[in-house]
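User: I would like a close look at a single part of this model, namely the protein surface around one nucleic acid strand.

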There are 2 protein chains.
Amino acid sequence: MLAIGTLAKRTGTKVQTIRYYEQIGLLPEPGRTEGGQRRYGDDDLDRLAFIRHARQLGFTLEAIRELLDLSDNPGRSCADIDRIAHRQLKEVEARIARLEALRKELRRMLRECSRDTVSDCRVLEVLRDHSACLADHETGA
Amino acid sequence: MLAIGTLAKRTGTKVQTIRYYEQIGLLPEPGRTEGGQRRYGDDDLDRLAFIRHARQLGFTLEAIRELLDLSDNPGRSCADIDRIAHRQLKEVEARIARLEALRKELRRMLRECSRDTVSDCRVLEVLRDHSACLADHETGA
DNA sequence: GCTTGAACCTCTACCTGCTGTAGCTTGTAA
DNA sequence: TTACAAGCTACAGCAGGTAGAGGTTCAAGC
């Protein structure tokens, strides 16, 4: 049986985070010693590793909760899982697109910032120039 | 003079968000009517648009606070601003790299998930397989 | 068997960047 | 004048944790 600190080290999770996952019902309440300390088994280790891996892949805790529910009831269709993973992929692709646009504008800003003092700096000018933004939300785009 | 709702519409910001920015000191306290309602001028509009634009570019409120401080003291070197923008670019690039790795793994997961029931599903298997994660943090990577 | 101190416990508050609600007041147009 | 949209303050809540206070337990060394 593992103490919470050992479980934390093995999964690369903070102790408080493990207790937090228990609190929100992602991890089951573990057994306790006579003195009240938590003790974990291998199944807890697996479940926590699953959660951490999914978090690293960008799944929200709610999506992970769904995945865990599905895997706790293994009779159901693979399509459910597929749907969750697809939704996740769409979100990731949208985030990438947004960040790439952002990177482009930041690079342009930096290319144009070659003056010496703040009053000449293109970065601030670019940020101050909000015509595009105004157009964006006024046209509902 | 603009009421808060007008300012909100013109900049695509929620009314509460404007009051929040004032509360944390990003926007100065505006003038008030006799009845206590906030009234804004064009400089407030500019400042808020600057903030919103920078937020859209992914700058944190702390970074924006730095940028505003710099532009309030225009004698300083452009290098400070350049440094902030560069830091932002690095962060964006790191996020993109991470998301691209993620997209790759999600696509692989989905390609391999062609079975019918949860117990056969590769998605859960992939998520359950934490050998890579364990290796990662045990080697300090 | 005893002592020490690292690790555990609960509880609470805090973080970012907002958003929403309750209950009340003000401004403005008809 | 009256109706009601829009304003006001104050506080709670979201995700996904993190940090600290103040107290208890476990386990290794002597």
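User: Which polar backbone atom is 2.8 Å from a phosphate oxygen of DNA strand D?

Analyst: The model is predicted, with local features requiring pLDDT of at least 70 and side-chain atom pairs counting only at pLDDT 80 or more, while totals for chains, interfaces and linings use all residues. Residues are numbered from 1 along each chain as its sequence is written, chains are lettered from A and ligands numbered from 1 in the order in which they are written, and side-chain values use heavy atoms, leaving out hydrogens and water.

The atom in question belongs to Arg38(B), 2.8 Å from a phosphate oxygen of DNA strand D. Chain A supplies further backbone N or O atoms: that of Gly35(A) lies 3.0 Å from a phosphate oxygen of this strand, and that of Leu61(A) lies 3.1 Å from one. Two or more residues of the surface near DNA strand D (near: a heavy atom within 4 Å) come from each of α2 (15-23) and α3 (42-56) of chain A and from α1 of chain B; helices here are DSSP runs of H or I with at least four residues, numbered from the N terminus. The largest share, 4 residues, is that of α2(A).

Of the 21 residues around DNA strand D, those that come nearest are Thr17(A), Arg55(A), Gly5(B), Arg19(B) and Arg38(B). Among the strand atoms within 4 Å of the protein, 87% belong to sugar and phosphate. By class, this surface has 9 polar, 7 charged and 5 nonpolar residues, where Asp, Glu, Lys and Arg count as charged, Ala, Val, Leu, Ile, Met, Phe, Trp, Tyr, Cys and Pro as nonpolar, and the others, Gly among them, as polar.

Terms used: A polar contact is a pair of N or O atoms within 3.5 Å; within protein, one must be able to donate a hydrogen and the other to accept it, and residues adjacent in sequence count only if both atoms are side-chain atoms.
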